[in-house]
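Visitor: I am new to this structure and would like a close look at a single part of it, namely one strand and whatever lies around it. Please choose one and take me through it slowly, adding other parts of the chain where they help.

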Amino acid sequence: MRDTLRQDQDPYVTLITPKAPVSTPTHGGRAKCLQRLIRLELPVPRTVALSFETVHRIAAGELPDIDRILAQFPAGALLCVRPSSEDPDWGGPGSILNIGMNDATFVDLSDSIGHAAAASLYKRFVMAYAIHVARLDPDVFEEIEGVGQEGLSEALRCYEEEAEEPFPQDPAVQLAEVLRSMARAWEGTTARLLRQAKGAPVDAGLGLIVQEMALGLGSGERGSGVLQLVNSETGLPQVTGRYLSQSQGREALEGGPAALYLERDPRGASLEELEPEAFQALKDYAAFMREKLRAEMQIEFTIENGRVHILDGMRVKRSPRAALRIAVHLAEDGIISRQEAVMRVEPRGLSELLHRQVDPEAARDVIGRGVAASPGAATGKIVFSSSEAQASAARGENCILVRRETSPEDVRGMHAAVAVLTERGGMTSHAAVIGRGLGLPCVVGAARMGFRLHDKILITEDGRRLREGEMITVDGSSGQVLAGAPAMIEAALDDAFHVFMSWADAERDIGIRANADTPADATTARNFAAQGIGLCRTEHMFFEADRITPMREMIFADSPEDRKAALARLLPMQRADFIELFRIMEGMPVCIRLFDPPLHEFLPSDRAGLRDLAEALDLPVSDVTRRVESMGEYNPMLGMRGVRLGIAVPEIYDMQARAIFEATLEASQEGAPVVPEIMLPLVSAMREVELVRTRIDAVAAAVRNERGREFDYSLGVMVETPRACLRADEIAQHAHFLSFGTNDLTQMTYGLSRDDAGRFMSHYVQQGVFAEDPFHRLDPEGVGELIRMGVERGRRGNGGVMLSICGEHGGDPDSIAFCRSAGIDYVSCSPFRVPVARLAAAQLAIRDKIG
């Protein structure tokens with residue numbers, strides 16, 4: 001060994017020792033991990049680390065003292081250079097192996113490992129150097145077919161011909177050029193854009209490590225590979241990895257460490273049979289690293305005459321389901337705390353556990369892209385109407401409902417379909433909201449595809465024409481639409497999931513409820529441990545086949561008496577709905593939003609539908625058509641809907657209030673007392689609350705007198721207009737709770753249509769107009785400022801008022817952080833987003849506790 005590198009002589013190049021000044025922010029994660037392995041006295045080859053600053057200087061043309069780096073290694077040693085970025089997910093240039101291989105080294109190795117193996121080693125280095133360092137035409141070298149001396153000679157000849165100079169023989173020249181090439185590759189435009197897409201900052205640095213190669217070459221068993229103690233996909237204990245044996249004259253390192261499974265080599269023997277002591281040592285090292293580094297680790301190793309060399313250690317790559325199970329097992333083994341286990345799982349990754357997903361290894365024939373509106377993936381035949389979706393389900397065939405955009409009339413078809421694809425819409429469009437509530441994979445806003453519904457043709461982005469009945473796959477996690485039926489991975493909710501979520505619940509300090517409109521939704525919410533229903537949208541209950549006709553009769557009624565008569569037919573149906581919801585939730589709070597949409601949504605718009613309605617009402621088609629047209633509004637979302645409809649047509653809210661109260665008494669007979677929460681939508685003035693509350697109190701008194709039993713209920717307001725936020729102090733004086741409906745509040749604050757914004761939102765985000773789609777992530781500045789004002793003023797008007805958020809933002813981790821800071825008592829989101837919200841809330845609470 002020659003000079004020892006001294007830190008004070010070269011502050012940018014560091015020999016990795018137990019006490020060397022190496023850190024992840026200055027030298028990268030790989031360098032720091034190697035130092036940890038050295039501190040654990042594991043058999044790591046001698047390694048030098050180059051800092052981010054050093055690599056930046058190399059890219060600018062300023063090389064470190066190459067001779068001093070080489071002086072840290074034995075004379076004639078072969079070296080490798082590996083990247084060491086701050087986060088391994090950011091990528092980096094590929095490793096370069098066997099630096100120092102030249103004619104003289106070839107002769108020496110031929111004597112020790114054989115001529116053929118040495119020639120193969122030399123040839124591979126020449127090819128890697130030519131392609132990745134000298135940047136010569138890869139086709140020239142990849143076409144070299146010769147083996148042994150013949151292949152080596154051909155590679156050297158091609159290099160000299162292409163580079164117009166002989167292959168460099170000086171190890172210092174080889175190392176200098178490798179370092180320069182890797183540094184410049186990291187700072188290139190393409191590489192920078194790729195890592196920024198993975199979340200890396202613009203100025204992310206790269207470290208490089210120069211390591212002596214432990215070739216795994218000798219007279220006894222020798223080889224190289226990787227090993228880990230868990231399955232990367234499932235997280236279950238399983239010794240897995242790959243091993244390449246070179247002991248039978250095979251080409252040295254020809255396949256790299258990913259050529260052969262541990263269990264078997266070409267002779268039919270496993271590594272455990274070939275080298276039982278080395279195999280046991282590897283398992284012991286992995287277990288030791290797991291305990292000391294507090295993570296499941298993958299070991300990259302070589303074996304030489306039974307001796308193990310550890311070249312690198314890295315955290316095991318893991319799927320979301322494996323990450324959760326690994327965290328639970330580490331905590332159960334006392335290696336990490338439960339709090340730390342909770343912090344180690346990405347909340348959004350839970351979606352992959354709750355839904356089927358496209359297998360990451362499956363080939364993807366992408367035919368379209370849109371907004372990933374509801375996670376999960378499903379395969380089915382294309383159908384273009386709700387009725388055809390129901391017919392397909394009746395035949396037992398999976399189908400994908402394809403629409404320009406969905407409306408409440410499509411809800412039954414969505415229930416029948418396995419996924420939904422729409423041309424229009426964004427994160428809070430009808431299809432997206434209902435899809436998330438049903439746990440239905442959904443891609444919306446796929447505007448670059450052609451939706452020719454009249455011809456029943458779907459045109460892909462590359463021009464293919466798919467007809468009704470052809471098979472496609474909707475991936476609501478990525479926003480992709482795929483041709484055919486790729487392999488899937490099933491959802492997995494096992495004991496580890498439930499244990500993990502119980503740890504999360506023990507930490508969080510904000511309530512999590514679910515938005516649930518149906519018994520199925522409520523059951524899902526209960527299974528995911530929601531703390532009640534924060535939003536039950538009652539209008540979806542009226543689109544069932546046995547309810548739509550009396551609903552339309554009510555709309556066409558000319559007098560309050562006629563309206564009451566039509567609503568009387570709906571009362572028992574609505575009451576039965578509420579009884580079932582109350583029983584499923586077993587005494588947990590259920591917040592029921594009274595009727596919200598404009599009435600025209602319940603009326604047909606096509607000629608056939610108008611004829612059917614005319615027949616049902618025994619009226620001329622012309623009269624029905626004229627009446628339907630007269631109910632049209634220029635902007636129905638800002639027209640007569642919500643509480644305005646409740647005041648103009650009070651019989652609707654009277655019927656719903658009676659159904660709620662009668663269901664309360666019925667459900668309370670068998671289980672815990674029910675205390676329903678009744679919510680008024682689209683309020684903007686205190687007087688609206690006063691008027692509706694007076695009628696609801698009157699209905700409550702009537703039901704008490706009729707049944708001779710007492711019950712309690714609370715009445716609140718859905719705050720979804722800017723004026724309601726500004727006047728929250730007045731409104732709160734007449735309400736038990738305020739629930740911010742962030743979907744409509746965002747729409748009204750921005751003046752954006754949530755159904756149409758998807759057409760241009762990506763351009764706005766890309767150009768920095770908005771940091772994120774405000775329908776996807778709550779805007780903390782504009783919408784958030786209104787909510788903060790509403791919270792402060794609402795509590796000033798009523799110190800005991802309950803405050804919540806019931807828009808889809810309630811399931812977004814970043815939006816939950818805002819809600820906690822604003823003083824919100826609970827958030828409510830789609831049932832399948834409840835686990836994500838529970839975990840996100842727990843992590844926020846833990847961060848606050850640990851400072």
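Guide: What follows begins with the chain as a whole, then stays with one strand and its partners, and afterwards turns to other sheets and a pair of helices.

Please keep in mind that this is a predicted model. The chain contains 34 helices and 30 strands, and its C-alpha trace spans about 105 × 60 × 50 Å along its principal axes. Of its 851 residues, 55% count as buried. If one takes the contacts between residues at least 6 apart in sequence, 67% of them join residues at least 24 apart.

The strand I have chosen is S15, which covers residues 419–422. Both of its faces are covered: on one side Ala-419 and Leu-421 are buried, and on the other side Val-420 and Thr-422 are buried as well. Strand S15 pairs with strand S14, residues 399–403, in the parallel sense, and 4 bridges join the two. Within that pairing, Val-402 has Leu-421 of S15 as its bridge partner, and Leu-421 is one of the buried residues just named. To pass from S14 to S15 the chain goes through helix H17, residues 411–416, and this β-α-β crossover is right-handed.

Strand S15 also pairs with strand S16, residues 442–444, again in the parallel sense, here over 2 bridges. In this pairing the bridge partner of Val-420 is Cys-442 in S16, and Val-420 is itself among the buried residues of S15. Helix H18, residues 430–438, belongs with S15 and S16 to a β-α-β unit that is right-handed. Seen from S15, then, there is a parallel pairing with S14 and another with S16.

A little further along the chain, one can set an antiparallel arrangement beside these parallel pairings. There, 3 strands form an open sheet in the order S17-S18-S19, with antiparallel pairing. Its edge strands are S17, at 450–452, and S19, at 465–467, each of which pairs on one side only. Neighbouring strands of this sheet are turned by 20° against each other on average, when direction is ignored. Strand S18, residues 457–459, is joined to S17 by 3 bridges, and in S18 it is Leu-458 that serves as the bridge partner of Phe-451.

Parallel pairing returns in a closed barrel of 8 strands, which runs S23-S24-S25-S26-S27-S28-S29-S30. From one strand to the next, the twist in this barrel averages 25°. Strand S23, residues 511–515, pairs in the parallel sense with strand S30, residues 826–829, over 4 bridges, and Ile-512 stands opposite Val-827 in S30. Helix H22 packs on the sheet, where it touches strand S24, at 533–537, and strand S25, at 590–593, and the direction of H22 makes about 155° with that of S25.

Helix H22, residues 560–585, also packs with helix H21, residues 545–556, at an angle of about 145° and with the axes 8 Å apart. The crossing of these two helices is left-handed. On the H21 side the contact includes Pro-550, Met-551 and Met-554, and on the H22 side it includes Ala-566, Leu-567, Leu-570 and Met-573. Charged residues take part too, among them Asp-546 and Arg-547 in H21 and Arg-563 and Asp-577 in H22. Taken together, the residues of this contact divide into 7 nonpolar, 1 polar and 6 charged.

How values were computed. Residues numbered from 1 in each chain as written. Predicted model: local features only at pLDDT ≥ 70, side-chain atom pairs only at ≥ 80, totals over all residues. Heavy atoms only, no water. Pairing = 2+ DSSP bridges. Axes fitted to C-alpha atoms, helices over the stretch in contact; angles between N-to-C directions. Left-handed = near helix turned anticlockwise from the far one by under 90°. Contact = heavy atoms within 4.5 Å. Buried < 20%, exposed > 50% of the residue type's maximum accessible area, 1.4 Å probe, protein only. Right-handed = clockwise from strand over helix to strand, strands pointing away.
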